[in-house]
Amino acid sequence: MDSSTSSMLNLLWLLLPVAAAAGWFAARRSSAKRPDAFWNYSANFHESLNELLSESGDIPSELFDKLSASDKDTADTHIALGNLYRRRGDVNRAIRLHESLLEKPELGEQVQSAALLELAQDYDSAGLLDRSEATLRQLIETGERLPEAYSALLALHEREQDWKLAIDVANEIERVTGEDRSVVIAHYFCELSQQAKSHGYKEEATKLAAEALVRNDRCARAHMLLADLAQAANDHADVIAHYKQVEAIRPELMPDIIDAWFDALHNTGDKNALRDFISHISDRRNAYSVVRTTRSAIEKLDNAETADRFFKKQILQRPSLKGLRDWAQDQIAISKPGEREKVQIIFTMLDQVVEDKPSYQCGRCGFLGNQLHWRCPSCSNWDSVQPIIGVEGE
Ligand SMILES: [Zn+2]
């Protein structure tokens, strides 16, 4: 018997209890598709097993307790089973399984590092964040699975909102792996700046937002923070300078800054600057919020007629439900008594439709919301939540 046949036979023995579980699954589930796929075992044993076990449902644990880790394949099974236990909420059993692998250094570095990575997730699921962090640090010291270990460590600090530690780890990642983490580091400084601002430490908040720009000079969020701080200090020219940067870096964020930008322009009392800005906006297609705010600025500066002309031209260039709603509202006031009721109904319906629409969406996971999140609350990506552009949005 050659060695490959012998190892296949060993594997078949190992598979017997798992096969029993697979059969048991087939009996439990109306669809027999997964066990079939499972029997088509080839080299992707570990993946198939993980996939099979990722299905929810109870599995008689005594089937698995009989397995003992003695070689690489069995160790993979242990890791997959540990994952299954963790997903089912049986974290203690997952920890015991993964720890048992760490007690067998003869299984090799690959198994040890995989076990450490899983163990860190087990501790995390159990809410033992200190232990999770220590386990990831232990893994990083081995030099194995660095990208995954660092990502997990960074995610852990982000969830704890410990931005100083997150900055330290991101700096370390840049130093050790050469990866550019400047975008998230700038966000961490912005988080610290926001914290300082909320505690009334404006000077500290300004310093931290400026530090964010040192790390990433294209950080629109830092410019928005600095504009807010400048506004609080009545430095209107500075507010405008920062909003110009935001527009240059992320023009899609104009709806979020347009009101404050116009306020700053009004506050400077510089009518020429205000006219220049209005003509800058009039020359292009704009998000609806920008059109609405500009319309009222024109009305204040010139007259209602000029403002209406601008409004109609803009909403025809870029039709949106919001534009249609506001146009219908305008028509109520000027329609004849017999028609007024009908226009009112149209306006009320459109208003309802617009109110029910979310304003922001994550480009990565599709999360919908009504406020701008710098980090998606659903998939945790930075800068992936954007204003919804188009007929149903801006
Ligand atoms: Zn997302």
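The second largest cavity of this predicted model holds about 40 Å³ of space. Its lining is formed by Asn 286, Ala 287, Tyr 288, Val 291, Gln 314, Ile 315, Arg 318, Ser 320 and Glu 394. Two elements give two or more residues each to this lining: helix H17 (288–301) and helix H18 (304–317). By residue class, the lining of the second largest cavity comprises four nonpolar, three polar and two charged residues.

In total, two cavities of 30 Å³ or more were counted. The largest cavity encloses about 60 Å³. Leu 321, Lys 322, Val 354, Lys 357, Pro 358, Ser 359, Val 391, Glu 392 and Gly 393 line the largest cavity. Four of these lining residues are nonpolar, two are polar and three are charged.

The largest pocket contains about 230 Å³ of space. Helix H11 (182–198), helix H13 (220–232) and helix H15 (254–268) are the elements that give two or more residues to its lining. H13 makes the largest contribution, with four residues. The full lining of the largest pocket consists of Gln 194, Lys 197, Arg 221, Met 224, Leu 225, Asp 228, Tyr 243, Asp 256, Ile 257, Leu 372 and Trp 374. Six of the lining residues are nonpolar, one is polar and four are charged.

A zinc ion is bound through cysteine sulfur atoms. The protein donors are the SG atoms of Cys 362, Cys 365, Cys 376 and Cys 379, lying 2.3 Å from the zinc ion. Along the chain, the donors follow the spacing C-x2-C-x10-C-x2-C. The arrangement is tetrahedral because the four donor atoms subtend angles of 105 to 113 degrees around the zinc ion. For comparison, the ideal angle for four tetrahedral donors is 109.5 degrees. Cys 376 has a relative accessible area of 1%, so this donor is buried. Cys 379, at 27% relative accessibility, is partly exposed.

Strand pairing was examined next. Three strands form an open sheet in the order S2-S1-S3, with antiparallel pairing. Strand S2 (368–369) and strand S3 (385–387) occupy the edges. Each edge strand has a single partner, so one side of each is left without a neighbour in the sheet. Strand S1 (residues 360–362) pairs with S3 in the antiparallel sense over three bridges. Within the sheet, Gln 361 stands opposite Gln 386 in S3.

How values were computed. Residues numbered from 1 in each chain as written. Predicted model: local features only at pLDDT ≥ 70, side-chain atom pairs only at ≥ 80, totals over all residues. Heavy atoms only, no water. 1 Å grid on protein atoms, 1.4 Å probe; cavity = no way out; pocket = protein on both sides within 12 Å on 5 of 7 lines; lining within 4 Å. Points joined across faces, edges and corners; volume = space filled by probe spheres on them. Nonpolar A, V, L, I, M, F, W, Y, C, P; charged D, E, K, R; others polar. Donors = N, O, S within 2.8 Å, 3.2 Å for Na, K, Ca; no water. Tetrahedral: all angles 85-135°; square planar, octahedral: opposite > 155°, others 65-115°. Buried < 20%, exposed > 50% of the residue type's maximum accessible area, 1.4 Å probe, protein only. Pairing = 2+ DSSP bridges.
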